[in-house]
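Visitor: I'm new to reading protein models, so please take me through this one step by step.

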Amino acid sequence: MIRQMQGSIGYIELIYAIQNKIPYGVVKNAAGNFVKASLESVTAAAASAPKMPADFRVSITNAPGKDAYPISSFTWLLIPAQSKDAAKGKILSDLLTWIVNDGQKMTADLAYAPLPESVVAKVKEEIKQVR
């Protein structure tokens, strides 16, 4: 609908805009800079977020960094810390380990921003608890 209505403004996921060649503009961030959505500006938002709490509940919307895209968010996974089935817990732990190690290498090709190293390190520590 955004594409069909001349002069319209809407919000869609970055990957959708890229894949469908939908033009998009810049947005003023908390530092007062006008920033265009990109893998780098979303990662900058994630990197400039306040300290990651133990439960990972943090918003990177309107993050403070000068290069941070203000309409950014993490993709969340809700997983049990302890599985009722040890074999399934191990499979889940292995999958999460693959995601933050090898899977991270695929983010750019899929037009998703990679997690900053500080977040990856925290995720890796939490994965050790999943069983």
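**Charged pairs, a helix pair and a few single residues**

Visitor: How far apart are the closest N and O atoms in the salt bridge of Lys128 with Glu125?
Guide: Side chains of opposite charge can pair when their charged atoms come close. To count as a salt bridge, a side-chain nitrogen of Lys or Arg has to be within 4 Å of a carboxyl oxygen of Asp or Glu. For Lys128 and Glu125, the closest N and O atoms are separated by 2.9 Å.

Visitor: What pLDDT do local features need here?
Guide: Residues are numbered from 1 along each chain as its sequence is written, while side-chain values use heavy atoms, with hydrogens and water left out. This is a predicted model, in which totals for chains, interfaces and linings use all residues, side-chain atom pairs count only at pLDDT 80 or more, and local features need pLDDT of at least 70.

Visitor: Is Lys128 buried or exposed?
Guide: Check the relative accessible area: under 20% is buried, over 50% is exposed, and in between is partly exposed (1.4 Å probe, protein chains only). Glu125, at 45%, is therefore partly exposed. Lys128 has 54%, so Lys128 is exposed.

Visitor: How many salt bridges does the rule count?
Guide: Besides the pair you've just met, Lys105 bridges to Asp102 with the closest N and O atoms 3.3 Å apart. Arg57 does so with Asp55, and there the closest N and O atoms are 3.5 Å apart. Arg57 is exposed because its relative accessibility is 68%. Over the model, the salt bridges come to five.

Visitor: How do α3 and α4 run relative to each other?
Guide: Helices (H or I, at least four residues) and strands (E, at least two) are DSSP runs, numbered from the N terminus. Axes are lines fitted to C-alpha atoms, for helices over the stretch in contact, and angles run from 0 to 180 degrees between N-to-C directions; under 35 is roughly parallel, over 145 roughly antiparallel, 65 to 115 roughly perpendicular and the rest oblique. The α3 and α4 axes are 10 Å apart at an angle of about 170°. So these two helices are roughly antiparallel.

Visitor: Which residues of α4 make the contact with α3?
Guide: Contact here means heavy atoms within 4.5 Å. From α3 come Ser93, Leu96, Thr97 and Val100, and they meet α4's Val120, Val123, Lys124 and Ile127.

Visitor: Which residues does Leu92 contact, leaving aside neighbours within four places in sequence?
Guide: Leu92 sits in α3, which covers residues 86-100, and counts as partly exposed because its relative accessibility is 21%. One partner lies 38 residues away in sequence, yet its C-alpha is 7.6 Å from that of Leu92. With those close neighbours left out, Leu92 contacts Ile79, Pro80 and Val130.

Visitor: Is Thr107 buried or exposed?
Guide: Thr107 is in the loop between α3 and α4. Apart from neighbours within four places in sequence, Thr107 touches Tyr112, Ala113 and Pro114. Its relative accessibility is 13%, so Thr107 is buried.

Visitor: How far apart are the C-alpha atoms of Lys90 and Ala17?
Guide: Lys90 is in helix α3 and is partly exposed because its relative accessible area is 41%. Along the chain, Lys90 and Ala17 are 73 residues apart, and their C-alpha atoms are separated by 37 Å.
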